[in-house]
Amino acid sequence: MSTATEQSTVYRPAEASLNAVLAAGEQPPRPGALSASLTFGWRAMLKIKHVPEQLFDVTAFPIIMTLMFTYLFGGALAGSVTEYLQFLLPGVLVTSVVMITMYTGVGVNIDIEKGVFDRIRTLPVWRPAALVGMILGDMFRYTIASAVILVLGLILGFRPGGGVAGVLAGIALLVVFSFAFSWVWTMFGLLLRTEKSVMGVSMLVLFPLTFLSNVFVDPATMPGWLQAFVEVNPITHLVGGVRSLMAGTWDAGEIMWTLIASAALLAVFGTLTMRLYNRK
Amino acid sequence: MELAIETSALVKVFGTTRAVDGIDLAVPAGTVYGVLGPNGAGKTTAVRVLATLARPDGGEARVFGHDVVREADAVRARVSLTGQYASIDEDLTGMENLVLLARLLGHRKAGARERAARLLDAFGLSDAAGRQVKQYSGGMRRRIDIAASIIRTPDVVFLDEPTTGLDPRSRNQVWEIVRIIVAQGTTVLLTTQYLDEADHLASRIAVIDHGKVIAEGTPGELKSSVGSGSVHLRLRDTAQRPAAERILARTLGAAVQSGADPLTVTARISGSDLVAAEQASRALAELAHAGVTVDDFSLGQPSLDEVFLALTDHPATEEVPA
């Protein structure tokens with residue numbers, strides 16, 4: 001009757017082939033925790049393949065951040081851009097990647113909204129696998145963002161004293177912390193109703209956390225009460241750790257502090273996330 | 001008779017709304033069980049509890065003897081859920097979605113691809129395998145959703161409003177698929193807003209309203225409790241309406257309702273479909289004999305609204321709790 005010829009109009013359920021599929025064989029054993037998590041990580045990779053625009057926030061955003069802060073503060077604070085860059089780049093790297101972690105929460109929220117989560121939650125797999133896999137995919141994004149910033153930094157004149165090993169160790173520390181920190185956002189993604197409110201809360205948490213730290217200026221210039229906050233802010237210790245690794249001076253105290261903070265974040269927010277995930 | 005699903009006094013509360021308010025169900029294994037009700041009646045919430053997605057606030061629910069709260073994992077290993085609220089990933093292709101789920105159910109790489117390809121073929125989606133699901137038509141979308149639910153042949157499939165929003169042809173395809181799945185021994189719990197859908201597929205139906213089961217039985221039992229249908233007349237001349245009402249009341253032995261439109265007359269018929277058709281044709285002959293001019297005549301199955309009117313004295317309103 002119409003000229004539109006779409007496949008669904010010619011499809012007739014074929015009893016024989018459907019029966020064959022339904023009757024097919026024994027059920028495979030349930031996959032392990034790691035295998036299930038990696039499968040969900042593969043899903044995150046597929047999403048990047050199909051929607052490459054989502055890499056915009058791990059490429060363009062860090063570039064703008066780095067250029068903006070280098071030239072905005074460089075001259076005023078350190079007298080020279082190149083000199084300031086040695087201090088600033090690890091901090092901008094941390095700020096950019098930590099800010100990108102909030103998209104984990106947005107992703108969780110979209111999955112819930114679209115109903116994908118409900119199907120996943122009825123699967124007999126290790127419960128945290130879906131979220132772990134999602135964050136594994138995000139770790140890939142964090143690594144891309146780090147590489148972009150580093151290359152730009154090198155072009156602008158950043159010369160890390162720690163060499164290749166120091167830089168890689170610094171990025172590794174940052175990615176480990178970001179993995180743990182992402183669980184804050186999975187919690188909010190499950191807790192809040194809309195994508196917009198997840199973004200709103202993220203900004204509310206991220207701005208004070210990244211700016212009230214030692215990223216841009218030396219805390220010694222701040223009033224006492226602010227120094228007290230900066231001192232307990234995990235971002236401060238992360239930046240201290242990454243800076244020392246990239247400079248080749250290995251500040252064991254800051255690195256230790258960052259790893260302890262990561263473990264604590266994972267323990268607290270991982271648990272809260274899984275409680276919400278199971279209760280939802 | 002083995003029970004696939006069994007609930008007793010099941011309750012789920014959202015804030016002050018009792019979305020599920022003491023539901024008892026007993027679904028025999030290997031059958032299609034219809035849960036019929038308007039939007040917001042509590043159908044989807046009940047299914048979510050049974051599929052381990054929501055915790056009940058009271059009562060018990062078991063799937064093949066496994067408690068949905070205490071033995072959630074055992075339940076998950078036996079059920080699968082398809083519906084507007086449990087969907088596959090629109091950004092991925094049909095193939096990728098099925099491979100992903102097959103991998104999560106334990107298939108190895110090659111096995112997962114093979115299983116996915118066979119399913120796509122059986123559902124007539126081979127040509128669309130490499131396209132993103134968001135580009136699928138409504139009917140194709142529903143088929144891939146169902147395909148995703150039988151990657152591992154489940155003991156129970158929950159189909160939550162599987163044909164809402166589909167054109168008649170796609171709807172018939174879904175019905176046919178459901179029949180084939182059940183013939184293989186899987187139990188299907190189907191929620192629907194359409195009486196004719198429940199009538200076509202289900203061997204038993206529970207009618208749900210405001211979180212409660214207000215009627216339960218075979219489609220035949222339900223329809224006879226409501227009357228098997230209604231006769232609708234549209235007259236040419238309002239002056240002939242009293243005569244038409246008299247004739248219908250006499251030949252059908254049923255209550256006659258006069259609509260707001262002065263040209264229409266409606267009467268409910270009881271008894272089986274066959275009797276109804278016979279009575280209706282006799283009424284039509286009597287009307288012609290009496291010289292009443294009828295412009296339009298229809299014999300319809302009772303609509304969900306009529307079922308609700310008969311069972312609850314209120315129409316199937318569109319109340320959706322938050």
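Two strands pair if DSSP finds at least two bridges between them. Strands (E, at least two residues) and helices (H or I, at least four) are DSSP runs, numbered from the N terminus. With that in hand, Val79(B) has Val156(B) in E7(B) as its bridge partner.

This is a predicted model, in which local features need pLDDT of at least 70 and side-chain atom pairs count only at pLDDT 80 or more, while totals for chains, interfaces and linings use all residues. Residues are numbered from 1 along each chain as its sequence is written, and chains are lettered from A and ligands numbered from 1 in the order in which they are written.

**The sheet of chain B**

E6(B) and E7(B) (residues 156-160) run parallel to each other over 5 bridges. They belong to an open, mixed sheet of 6 strands in chain B, ordered E6-E7-E8-E3-E9-E10. Why do strands E6 (79-83) and E10 (212-217) of chain B each have one side without a neighbour in the sheet? Both stand at the edges with a single partner strand, so nothing in the sheet flanks their other side. From one strand to the next, the twist averages 15 degrees. Helix H6 (residues 168-183) of chain B lies across E3 (32-36), E7 and E8 (187-192) of chain B, and runs at about 150 degrees to E8(B). Angles here run from 0 to 180 degrees between N-to-C directions, and axes are lines fitted to C-alpha atoms, for helices over the stretch in contact.

**The two chains side by side**

A residue is called buried if 20 or more other C-beta atoms lie within 10 Å of its own, exposed if 12 or fewer, and partly exposed in between, with C-beta atoms placed from the backbone.

| Chain | Helices and strands | C-alpha box | Buried |
|---|---|---|---|
| Chain A | 13 helices, 0 strands | roughly 80 × 45 × 35 Å | 42% of 280 residues |
| Chain B | 11 helices, 14 strands | about 75 × 45 × 40 Å | 48% of 322 residues |

Two residues are in contact if their C-beta atoms, placed from the backbone, lie within 7 Å. Among contacts in chain A between residues at least 6 apart in sequence, 79% join residues at least 24 apart. In chain B, residues 24 or more positions apart account for 68% of the contacts with a separation of 6 or more.

Within chain A, the axes of helix H4 (residues 56-78) and helix H5 (residues 81-100) come within 9 Å and cross at roughly 145 degrees. Their contact has 16 nonpolar, 6 polar and 2 charged residues. Ala, Val, Leu, Ile, Met, Phe, Trp, Tyr, Cys and Pro count as nonpolar, Asp, Glu, Lys and Arg as charged, and the others, Gly among them, as polar.

**Where the chains meet**

How many residues does each chain bring to the contact? Chain A gives 37 residues and chain B gives 49 residues. On the chain A side, helices H1 (7-10), H2 (15-23), H3 (33-50) and H7 (116-121) each supply at least two residues. H2(A) has the largest share, with 7 residues. By class, the chain A side has 17 nonpolar, 10 polar and 10 charged residues.

**Nonpolar cores**

A nonpolar core is a set of buried Ala, Val, Leu, Ile, Met, Phe, Trp, Tyr and Cys residues joined through C-beta atoms within 7 Å. In the largest core, of 139 residues, Val94(A), Leu50(B), Leu98(B), Phe158(B) and Leu189(B) touch the most other members. Helix H9 (residues 163-191) of chain A gives the most to this core, 14 residues. Apart from this core lies another of 15 residues, including Leu233(B), Ala244(B), Ile269(B) and Leu287(B). Not counting residues up to four places away in sequence, Leu50(B) touches Ile5(B), Ala61(B), Val63(B), Val68(B) and Phe158(B).
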